[in-house]
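This note is addressed to a colleague meeting the structure for the first time. Please read the numbered points with the display at hand.

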Amino acid sequence: MMVTDPEPLEKGVDMSVDTPRMSACATSPRVYESGEFHRFEASGREFLYLVPAGAIFELDDASRAVLELVRDGRVSHNLLMDRVAERGVPASEAEELIAELYQSRAIISHDTIPDPPQNPPADFPLQTLVLNLTNQCNLSCQYCYEFGEDKIATPEGKKKFMDFETAQQSVAFLLEQSAGRHGVHITFFGGETLMNFPLLKQV
Ligand code: SF4
């Protein structure tokens, strides 16, 4: 099974996300409400998955307090400051925390302008092909979709190994559709891809 790089896991707030654009009234006292995110726990620690940024970060006590406060409605900046200060956080750091939560859109305000919808580019040549050579595997990791109750990777009646013709057509399609690219990538995906090693070598 191919495992993609995990999202960066950070303490505090991920500052790499876009800053919400401000309207002319950005200097007026803000009233905050909850942004779009999902909270979850792992190994006894609490995390936040920020939907707009696709980022994950760990919650500390002060940021948890802010999110609890905005959960049920709109909250003034001053009230947020007070709640963070109750955790022994100095005022300058509290301002910084609230600003970071706002910039990451964990909390939003009336002057948070949503991103406009984007049209897909007119010309977008392919760059990467993922060939699922096989879902067969000679291991049996407990978390694997292949070895769960559903065995969704190898449904009854379906072929278990990619054949040469399918691979050839796929590579031809990639080359045909990648005009203008300086290079292309082929990823071998499984299952255990080496269980179809002859095809891998042919590709
Ligand atoms: S059983 Fe095989 S395919 Fe499944 S996760 Fe483990 S190594 Fe990957």
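**Notes on the predicted model**

1. Among contacts in the protein between residues at least 6 apart in sequence, 73% join residues at least 24 apart. The model under discussion is a predicted one.

2. Of the 203 residues of the protein, 20% count as buried. The secondary structure comprises 5 helices and 9 strands. Along the sequence these elements follow the pattern β-β-β-β-β-α-β-α-α-β-β-α-β-α.

3. One open sheet has 3 strands, in the order S6-S2-S7, and its pairing is antiparallel. Strand S6 (75–76) and strand S7 (107–109) are at the edges; because each has a single partner strand, one side of each has no neighbour in the sheet. Helix H1, formed by residues 61–70, packs on this sheet and touches S2, S6 and S7. The direction of H1 makes about 90° with that of S2.

4. The pairing of S2 with S7 merits a closer look. Strand S2 covers residues 31–34 and is joined to S7 by 3 bridges, the two strands running antiparallel. Within this pairing, Ser34 has Ile107 of S7 as its bridge partner. In general, strands of a sheet pair through backbone hydrogen bonds.

5. On confidence, the average pLDDT of the protein is 82, and 81% of the residues score at least 70. Over residues 1–27, however, pLDDT stays under 50. For that stretch the model has 45 contacts beyond four places in sequence. Where pLDDT is low, the predicted coordinates should not be read in detail.

Definitions and conventions:
Residues numbered from 1 in each chain as written. Predicted model: local features only at pLDDT ≥ 70, side-chain atom pairs only at ≥ 80, totals over all residues. Pairing = 2+ DSSP bridges. Helix = DSSP H or I, 4+ residues; strand = E, 2+ residues; numbered from the N terminus. Contact = placed C-beta atoms within 7 Å. Axes fitted to C-alpha atoms, helices over the stretch in contact; angles between N-to-C directions. Buried ≥ 20, exposed ≤ 12 C-beta atoms within 10 Å, placed from the backbone. pLDDT = per-residue confidence, 0-100.
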